[in-house]
Amino acid sequence: MSLKIGVHSANLHLFLASHWPALFNGIAVEFVHYDDGRESARFLTRGEIDICGTGSTPPIIAQADGDEVEYIAVSARRPHNGALVTTPTSAIADIRDLQGAKIALVDGSFHTYLLARLLDGVGLTLRDVRRVELSPSASLTHLLDGKVDAWIAMSPLLEKAISKKFVKIIAECGDKIPNRSVFWTIRNRKLSASQKEDVLSRLITLGREISADPERAARILTDARTEHVDLNTWSTAIAARDWSIHAAGREIADEQQEEADTLLRHGDLSREIAVLDATRL
């Protein structure tokens, strides 16, 4: 049986893996493409995929919803690949000015967690803002048209918007959230220890090869018209990112637990969870 790996454009590691010949030589792999990383748990529970890669939030929501999540690997921190932005002429100068503001984001992703942590710092909650669910490209359009007041932006559209002076940064991910990619499964997929170690090893190899040849990755993403950005924008974004991959362990459990507790406190998680139960220790 093939190992079914879920692929969507927001997880660049696995998207690039699906276009990286020879990476999975020696094992049978099927790449299953779908549109939205927030749907990963549904694909896992239906047996349509065996493993996926998302931001930090979807596995937390899946565990709260009753899935037996198991973390396999994580990317390095990405402090500059996400930010809260607004237009250069906006009256919003800092997080305190967000009360009542309309904020474009992909809700239920790391965007929600970043927003919650930023609001924490000034005594506000997610209930004090108006969240507007929009795709990244639509978010930029709505911001420039004045239909929203701020936007949780991410790479590569973040770099594009900055380079064209469309936006000003109010706050980056920075030290607020780790902003990692996480690679995970659920226990009823019954992946063996050797399968999980094999996937980890090949993702580590992929990260090294992308870092060694960022232009190759940029060409793949440009040709795929991912986010409709040009080769130069992709090249800049890829060169600035740490592509290393690591096994999930106690540090990741602690980070994910902090996120779960934050979302619960803000009313965005259905129940309390113990993330340590889901890590590969």
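Two strands are said to pair if DSSP finds at least two bridges between them. In this predicted model, strands β6 and β7 are joined by four bridges and run parallel, and within that pairing A104 has V132 of β7 as its bridge partner. Between these two strands the chain passes through helix α4, and the resulting β-α-β crossover is right-handed.

## The sheet of five strands

The pairing of β6 with β7 belongs to an open sheet of five strands, whose order is β7-β6-β8-β5-β9 and whose pairing is mixed. At its edges stand β7, which covers residues 130–133, and β9, which covers residues 168–172, and each of these pairs on one side only. On average, neighbouring strands of this sheet are turned by 30° against each other when direction is ignored.

While β6 and β7 run parallel, the contact between β5 (residues 82–86) and β9 is an antiparallel one, built from four bridges. Here V85 finds its bridge partner in I169 of β9. Helix α4, made of residues 110–120, packs on the sheet and touches β5, β6, β7, β8 and β9, with a direction that makes about 125° with that of β8. Helix α5, which spans residues 136–144, lies across β5, β6 and β8 and runs at about 145° to β8.

## The sheet of four strands

A further open sheet consists of four strands in the order β3-β10-β4-β11, and its pairing is antiparallel. The edge strands are β3 (52–54) and β11 (245–247), each of which pairs on one side only, and the twist from one strand to the next averages 35°.

Inside this sheet, β4 (residues 69–75) and β10 (residues 182–186) run antiparallel and are joined by five bridges, with T185 in β10 serving as the bridge partner of E70. Helix α3, formed by residues 57–64, packs on the sheet by touching β3, β4 and β10, and its direction makes about 170° with that of β4.

The three strand pairs described so far can be set side by side.

| Strand pair | Bridges | Direction | A bridge partner pair |
|---|---|---|---|
| β6 and β7 | four bridges | parallel | A104 and V132 |
| β5 and β9 | four bridges | antiparallel | V85 and I169 |
| β4 and β10 | five bridges | antiparallel | E70 and T185 |

## Empty space in the model

Rolling a probe the size of a water molecule over the atoms shows where empty space is left. The structure holds one cavity of 30 Å³ or more, and the volume of the largest cavity is about 60 Å³. Its lining is made up of S56, Y113, P178, N179, R180, V182, I252, E255, Q256 and E259. Helix α10, which runs over residues 250–265, gives the most to this lining, with four residues. By kind, the lining residues of the largest cavity divide into four nonpolar, three polar and three charged.

The second largest pocket contains about 170 Å³ of space. Around this pocket lie E159, K160, S163, K164, H228, V229, D230, N232, T233 and T236, and the elements that give two or more residues to the lining are α6 (157–163) and α9 (231–240). The lining of the second largest pocket is divided into one nonpolar, five polar and four charged residues.

## Single residues and backbone details

Helix α10, already met at the largest cavity, also holds R265. This residue and L126 are 139 residues apart in sequence, and their C-alpha atoms are 9.8 Å apart in space. When residues up to four places away in sequence are not counted, R265 touches D120 and R127.

Two backbone details lie on either side of helix α6 along the chain. In the loop between β8 and α6 stands P156, which is joined to S155 by a cis peptide bond with an omega of about 5°. In the loop between α6 and β9 lies K165, a residue other than glycine whose phi nevertheless has a positive value, near 60°.

Technical notes
Residues are numbered from 1 along each chain as its sequence is written. This is a predicted model: local features need pLDDT of at least 70, side-chain atom pairs count only at pLDDT 80 or more; totals for chains, interfaces and linings use all residues. Side-chain values use heavy atoms; hydrogens and water are left out. On a 1 Å grid over the protein atoms alone, a cavity is a set of points where a 1.4 Å probe fits but cannot get out, and a pocket is an open set with protein on both sides within 12 Å along at least five of seven lines; lining residues have an atom within 4 Å of a point. Grid points are joined across faces, edges and corners, and a volume is the space filled by probe spheres set on the points. Ala, Val, Leu, Ile, Met, Phe, Trp, Tyr, Cys and Pro count as nonpolar, Asp, Glu, Lys and Arg as charged, and the others, Gly among them, as polar. Axes are lines fitted to C-alpha atoms, for helices over the stretch in contact, and angles run from 0 to 180 degrees between N-to-C directions. Contact means heavy atoms within 4.5 Å. A crossover is right-handed if, with the strands pointing away from the viewer, the path from the first strand over the helix to the second runs clockwise.
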